Structures are given as C-alpha cells and as structure tokens.
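Visitor: Please take a close look at one part of this model with me. I'm new to this, so go slowly and spell out the terms.

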Amino acid sequence: MGSRYEWSLLILRVVLGITFLIHGVAKFQMGLGNVAGWFESIGILGFLGYVVAFIELFGGIALIFGIGTRVVSVLIALVLLGAIFKAKLSLGFMGSEAAGYELDVALLSIAGVLLISGSQLFALDKKLFGSAKEIKSN
C-alpha cells in the first residue's frame, strides 16, 4: 500500500491537519470579529484574522483528506511565520508566562517536510486528479 516513507508523511499530514483544524474551529468559536480585533491589537491588519481562520479551518480539513497538500503547507507555513515573528518571538523559545514559539517551529518543520515531499498515501488528490508520481513500495 505504500512505503514506510509514505506512511510517515501521512502521519505528519494528518497531525498537522488536525492541529490546524482545531485552531481554526477555536477562532470561529471565539468570533472572527474578536480574532480580527486581536490581530489589530498586535499591529496586524484585522482582515488577516479572517484569512488566517479560514486557512486554519479549511487548510486543516484539506490536509486531513490530502487535498492540495503542498499548497496548503505553504499557506500554513506563512501563518506560522507570522505567528512567530509578530506574536511569539518576544516570548522566547519556551516562553515563561505564555507559550513560546517552540510548537510553531515544530509545526513549521512539518509544513516544510510536506511542502518538499508531498503526501500521497490515502490522499484524495490522487483519486480526484491522478498523480504524476506513483507511490513506490519498499
């Protein structure tokens, strides 16, 4: 069904997808207006709060199902870079009173791996659009 390499990429894709789906749901639950207001309070254009919420929610779903993995990984990487440099860098790697940016770096690394390698195992991309690269078994 797939090499150990593809199984590893599947695990990373699904974990990153679930993580961002949950973060997206949380933003919708707290109210997108509140998210936009918080963005403005840290010097980011408020409408980007809406953009980030949609990327997290729908990007998370897309990753779980393997739709546009590389494109979604780029978008998530941009969200994470924004979070690191605009909200968390001043807190330090581990943070002291609030979470630092260590998780963001780990998630950014996962997004980078998925951007470079993709993930085809159980991906709807392959079913919907075909694949130029077949999965090789080890």
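Guide: Let's start with helix α2 and work outwards. What covers the buried residues of α2 includes α1 (4–30) and α3 (47–65). Covering here goes by contact, meaning heavy atoms within 4.5 Å. Helices are DSSP runs of H or I with at least four residues (strands are runs of E with at least two), numbered from the N terminus. Buried means under 20% relative accessible area, exposed means over 50%, and partly exposed is in between, using a 1.4 Å probe and protein chains only.

Before going on, keep in mind that this is a predicted model: local features need pLDDT of at least 70, side-chain atom pairs count only at pLDDT 80 or more, and totals for chains, interfaces and linings use all residues. Residues are numbered from 1 along each chain as its sequence is written, and side-chain values use heavy atoms, with hydrogens and water left out.

Now for α2 itself, which spans residues 32–41: its buried residues are Leu32, Val35, Ala36 and Phe39. They sit on the same side of α2, because they cover an arc of only 100° around the axis. That arc is taken from the directions from the helix axis to the C-beta atoms. There's a simple reason for such patterns: an α-helix has 3.6 residues a turn, so residues three or four places apart point the same way. Turn to the face away from the buried side and you meet the exposed residues Asn34, Glu40 and Ser41. After α2 comes Gly43, with a positive phi near 90°.

The two covering helices also share a ring pair. Rings of Phe, Tyr and Trp (its six-membered ring) pair if their centres lie within 6.5 Å; planes under 30 degrees apart are stacked, over 60 edge-to-face, and the rest tilted. By this rule there are five aromatic pairs. In one of them, Phe28 and Phe54 have ring centres 5.2 Å apart and planes at 85°, so the pair is edge-to-face. Phe28 belongs to helix α1 and Phe54 to helix α3, so to speak a bridge between distant parts of the chain, 26 residues apart. Phe28 counts as partly exposed at 31% relative accessibility, and Phe54 is partly exposed too, at 38%. Ring pairs also bring in Phe58, making a cluster of Phe28, Phe54 and Phe58.

Finally, α2 helps to line the largest pocket, along with α1, α3, α4 (69–88) and α5 (102–117), the elements that give two or more residues to the lining. A pocket is found on a 1 Å grid over the protein atoms alone: it's an open set of points where a 1.4 Å probe fits, with protein on both sides within 12 Å along at least five of seven lines, and lining residues have an atom within 4 Å of a point. This pocket has a volume of about 690 Å³, the space filled by probe spheres set on its points, which are joined across faces, edges and corners. There are 30 lining residues, and Lys27, Val52, Glu56, Val79 and Ala83 lie nearest the centre. The biggest share comes from α4, with nine residues.
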